[in-house]
Each structure stands twice: as C-alpha cells, then as structure tokens.
Amino acid sequence: MNIGERLKEAREKKGLMKIEVANMVGVTNTAIYAFEKGIRVPSAVTLAELAKVLECSTDYLCGLERRSNIGQGIRHRQEGRRVTWSEKYIT
C-alpha cells in the first residue's frame with residue numbers, strides 16, 4: 001500500500017470524512033483527496049499532523065510499519081480531552 005491508500009484506510013477506520021480530517025489538519029478537503037489518490041504527497045509537517053489526527057504513526061502512513069494500531073497511538077481520548085503519553089504512563 002502507498003501513503004494515499006494507508007491514509008484513506010486510517011481515515012475510514014476512524015470514521016472520519018475527508019472534510020473533517022482536512023479541517024483538523026489545516027488543509028483543504030481537495031488536498032486530502034489528492035493525498036489519498038496519490039496525486040500529491042503531504043509535506044512532513046502535514047504528514048505528522050495527519051498521524052496525530054488519525055492516531056497512527058507516520059511510519060505506518062509511509063509504509064514502514066505493517067500494523068496500523070489506529071486509535072492506539074501516543075494520544076488517547078479520556079473524558080473528552082486528549083491525554084499525553086506521560087499522563088497515561090508516568091502518573
């Protein structure tokens with residue numbers, strides 16, 4: 001799978017529409033469409049933002065990891081707010 005296919009898979013697993021991801025990342029929904037279709041490749045900064053929003057690693061999106069672990073990333077939802085890794089594992 002390429003970046004676009006993995007991006008689409010992660011977005012669909014999270015149950016998000018392109019426009020929702022675009023708004024969270026700060027790009028247009030046309031950009032998300034282009035990333036998913038392989039027309040464009042996201043910048044490193046955008047890729048990092050996509051990984052945060054989709055709760056997966058940049059390595060997964062780039063094809064360097066086989067398992068997605070979508071939703072099991074560093075940030076977890078708890079009581080409607082984001083909890084950092086240190087809050088989850090150190091406190």
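Here are some questions and answers about this predicted model.

Residues are numbered from 1 along each chain as its sequence is written. Local features need pLDDT of at least 70 and side-chain atom pairs count only at pLDDT 80 or more, while totals for chains, interfaces and linings use all residues, and side-chain values use heavy atoms, with hydrogens and water left out.

Reader: In what order do the elements of the protein chain run from the N terminus on?
Author: Helices (H or I, at least four residues) and strands (E, at least two) are DSSP runs, numbered from the N terminus. The protein chain has six helices and two strands. Their order is α-α-α-α-α-β-β-α.

Reader: Which helix gives the largest share of the largest nonpolar core?
Author: A nonpolar core here is a set of buried Ala, Val, Leu, Ile, Met, Phe, Trp, Tyr and Cys residues joined through side-chain atoms within 4.5 Å; buried means under 20% relative accessible area, exposed over 50%, partly exposed in between (1.4 Å probe, protein chains only). The largest one has 17 residues, with V21, F35 and L50 among those with the most contacts inside it. At least two core residues come from each of α1 (3-13), α2 (18-25), α3 (29-37), α4 (44-54) and α5 (58-62). The largest share, five residues, is from α4.

Reader: Leaving aside neighbours within four places in sequence, which residues is F35 in contact with?
Author: Contact means heavy atoms within 4.5 Å. F35 is one of the residues with the most contacts inside the core. With those neighbours set aside, its partners are G4, L7, R40, V41, P42, T46 and L50.

Reader: Which helices do the buried residues of α2 pack against?
Author: In α2, the buried ones are V21, A22 and V25. Seen down the axis, they fall within an arc of 100° (taken from the directions from the helix axis to the C-beta atoms), so they line one face of the helix. An α-helix has 3.6 residues a turn, so residues three or four places apart point the same way. The buried residues of α2 pack against α1, α3 and α4.

Reader: Why is C62 not bonded to C56, and how far apart are their sulfurs?
Author: A disulfide is a pair of cysteine sulfur atoms within 2.5 Å, and a search of the whole structure finds zero of them. C56 counts as buried at 10% relative accessibility, whereas C62, at 37%, counts as partly exposed. The closest cysteine sulfur to that of C62 is in C56, and it is too far for a bond, at 9.8 Å.
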